Amino acid sequence: DGRTAGTEGTRAGTGGAGHAVRLTGSQRAAIADYGEHGRALLRAVSRGDADALFRVAVLLGTDAPRRPEAAALLIEAAADGHPAALDLLDAGPDGPDPREAARIACELGETAAGQGAADTALAYFTAAVRGGRLDAAYEITEILEETGRAGAAGRRARGRSAT
């Protein structure tokens, strides 16, 4: 598949196509779990989109055990010129602070919600909750109610707890 040993999760080559980053299988699965927006981010990262890479790092960075992975991706996004990547990278001594990543995820969720992109907003608010921003759970509830999905989500949650 053209991979070089040891390059998964890092810059994939050099030159014009060198800005694309190969994510690990685990990273791809984690981002794909965010639904259509996650899959769109994965496609954009494969094309070398620095903003998409930053957003992937934010989503991963809200999960404390993934801090080193998020840090590596933020370095790549910074190298590609993303203006906020170094700020998030510097937010903690061991990589991005999950609370800071959650704060940014909330901002991204609020922007998406303001643009009427409910699924995108849900992705970021879900990540924000993972990073400790429990206030984002309220935003999730609001979006689910506004889009008529609150009842379905509640039924799914009850179904999981019954098993």
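## Exercises on a helical chain

D51 is partly exposed, its relative accessible area being 33%. The model is predicted. Work through the tasks with the structure open.

**Exercise 1. State how many helices and strands the protein chain has, and give the order of its elements.**

Solution.
- Step 1: count the elements. The protein chain has 9 helices and 0 strands.
- Step 2: read from the N terminus. The order is α-α-α-α-α-α-α-α-α.
- Step 3: turn to burial. Of the 163 residues in the protein chain, 42% are buried.
- Step 4: turn to the surface. About 8400 Å² is exposed, with 52% of it supplied by carbon and sulfur atoms.
- Step 5: check sequence separation. Take the contacts with a separation of 6 or more: 49% of them link residues 24 or more positions apart.

**Exercise 2. Find the salt-bridge partner of D51 and place the pair in the fold.**

Solution.
- Step 1: find the partner. D51 forms a salt bridge with R55.
- Step 2: take the distance. The closest N and O atoms of D51 and R55 are 2.8 Å apart.
- Step 3: place the pair. Both residues belong to helix α3, at a spacing of 4 residues, or about one turn of the helix.
- Step 4: classify D51. Its 33% falls between the 20% limit for buried and the 50% limit for exposed, so D51 is partly exposed.

**Exercise 3. Describe the setting of R66: its loop, its burial and its partners.**

Solution.
- Step 1: locate the residue. R66 sits in the loop between α3 (50-61) and α4 (67-79).
- Step 2: test burial. The relative accessible area of R66 is 13%; the cut-off for buried is under 20%, so R66 is buried.
- Step 3: list the neighbours. Leaving out residues up to four places away in sequence, R66 touches S26, Q27, A30 and L60.
- Step 4: pick out the polar contact. The side chains of R66 and S26 make one at 2.6 Å.
- Step 5: find the salt bridge. R66 pairs with E69, and their closest N and O atoms are 2.8 Å apart.
- Step 6: classify both partners. R66 counts as buried at 13% relative accessibility, whereas E69 counts as partly exposed at 24%.

**Exercise 4. Give the number of salt bridges in the whole structure, then analyse the one between E107 and R103.**

Solution.
- Step 1: take the total. A search of the whole structure finds 9 salt bridges.
- Step 2: take the pair. The side chains of E107 and R103 meet at 2.3 Å, N to O.
- Step 3: explain the spacing. E107 and R103 are 4 residues apart in helix α6 (residues 98-114), so about one helical turn separates them.
- Step 4: classify the pair. E107 is partly exposed at 38% relative accessibility, and R103 is partly exposed at 31%.
- Step 5: look for a network. E36, R39 and R43 are joined into one network by salt bridges that share partners.

**Exercise 5. Identify the buried residues of helix α2 (residues 36-46) and work out how they are arranged.**

Solution.
- Step 1: list them. The buried residues of α2 are H37, G38, L41, L42, A44 and V45.
- Step 2: look down the axis. The buried residues of α2 fall within an arc of 165 degrees, and therefore line one face of the helix.
- Step 3: find what they pack against. The buried residues of α2 meet α1 (25-32), α3 and α7 (118-130).
- Step 4: look past the helix. G48 follows α2, and its phi is positive, near 90 degrees.

Methods
Residues numbered from 1 in each chain as written. Predicted model: local features only at pLDDT ≥ 70, side-chain atom pairs only at ≥ 80, totals over all residues. Heavy atoms only, no water. Helix = DSSP H or I, 4+ residues; strand = E, 2+ residues; numbered from the N terminus. Buried < 20%, exposed > 50% of the residue type's maximum accessible area, 1.4 Å probe, protein only. Polar contact = N/O pair within 3.5 Å; in protein donor to acceptor, adjacent residues only side chain to side chain. Contact = heavy atoms within 4.5 Å. Areas by Shrake-Rupley, 256 points an atom, 1.4 Å probe, with all protein chains shown as cover. Salt bridge = Lys/Arg side-chain N within 4 Å of Asp/Glu carboxyl O. Arc of directions from axis to C-beta.
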